[in-house]
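Biologist: Please take one small part of this model and look at it closely with me, going slowly enough for a first-year student to follow.

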Amino acid sequence: MSPADPASNLNLPNALTALRIVLVPFFVWFLWAGGTQGEDSAAMRWAALAVFAVAMYTDKLDGDIARARGLITSFGKIADPIADKLLTGAAFVVLSMLGELWWWVTVVILVREWGITVLRFVVIRYGVMAASKGGKLKTVLQTVALLLLLLPLAPLVGAWWPWLGWTVMGAALVVTVVTGVDYVVKAVQLRRRSLAGRNPA
């Protein structure tokens, strides 16, 4: 394949993205069962954690492979963030349904996440908004917070354990909101620059 040839959608990074989407319902089932079933709850919770960890690893892996091998595709650009939002969104919602995370935190984060995703597609005609360092920090904090909340360690180490997850989630919430506002500002600036370039004075 020459550098000018577009990458095929049938490639390993896109397959990993598709796998991440397929894993979402399994994750939801294990997590819900882990919070509602009696003697099997711990095993189900660990299974949910394992599925979540594997899915999040595929997120990093597919991006690394796509960039290293020149396999970035339009499908991947669209499907990858959707897969991420489905996985983390499912974690937020189910944790809130189980009473382990405040609903208002879930609502604020999901409105920001899906709102910015839609905004990216709306302004794509004016240019691409690259992920900022703050956006990457937001992703790391959300992932760490969810992993901590998914870990069923409270019965083993004490009631203080969930507070560790909630503390990290608080930091993730702040960064999520701040970066969301930053993306909105950048989107407005991007549109203005694009329109100014099309209609010079």
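Does Trp163 count as buried or exposed, and at what relative accessibility?

Modeller: Before the answer, please keep in mind that this is a predicted model, in which local features need pLDDT of at least 70 and side-chain atom pairs count only at pLDDT 80 or more, while totals for chains, interfaces and linings use all residues. Residues are numbered from 1 along each chain as its sequence is written, and side-chain values use heavy atoms, with hydrogens and water left out. Trp163 counts as exposed because its relative accessibility is 53% (buried is under 20% relative accessible area, exposed over 50%, and partly exposed in between, with a 1.4 Å probe and protein chains only).

Its surroundings can be followed through the aromatic pairs, of which the whole structure has 4 (rings of Phe, Tyr and Trp, the last by its six-membered ring, pair if their centres lie within 6.5 Å; planes under 30 degrees apart are stacked, over 60 edge-to-face, the rest tilted). Among them, Trp102 and Trp166 form a tilted pair, because their planes stand at 50 degrees, with the ring centres 5.3 Å apart. This pair joins distant parts of the chain, 64 residues apart, since Trp102 lies in the loop between helix H3 (74-97) and helix H4 (103-122), and Trp166 in helix H7 (helices are DSSP runs of H or I with at least four residues, numbered from the N terminus). Trp102 is partly exposed at 43%, and Trp166 also counts as partly exposed, at 21%.

Trp166 pairs with Trp163 as well, edge-to-face, at 4.9 Å between centres and 85 degrees between planes. Both of these residues, Trp163 and Trp166, belong to helix H7, where they are 3 residues apart, about one turn of the helix. Ring pairs thus link Trp102, Trp163 and Trp166 into a cluster.

Terms used. Helices (H or I, at least four residues) and strands (E, at least two) are DSSP runs, numbered from the N terminus.
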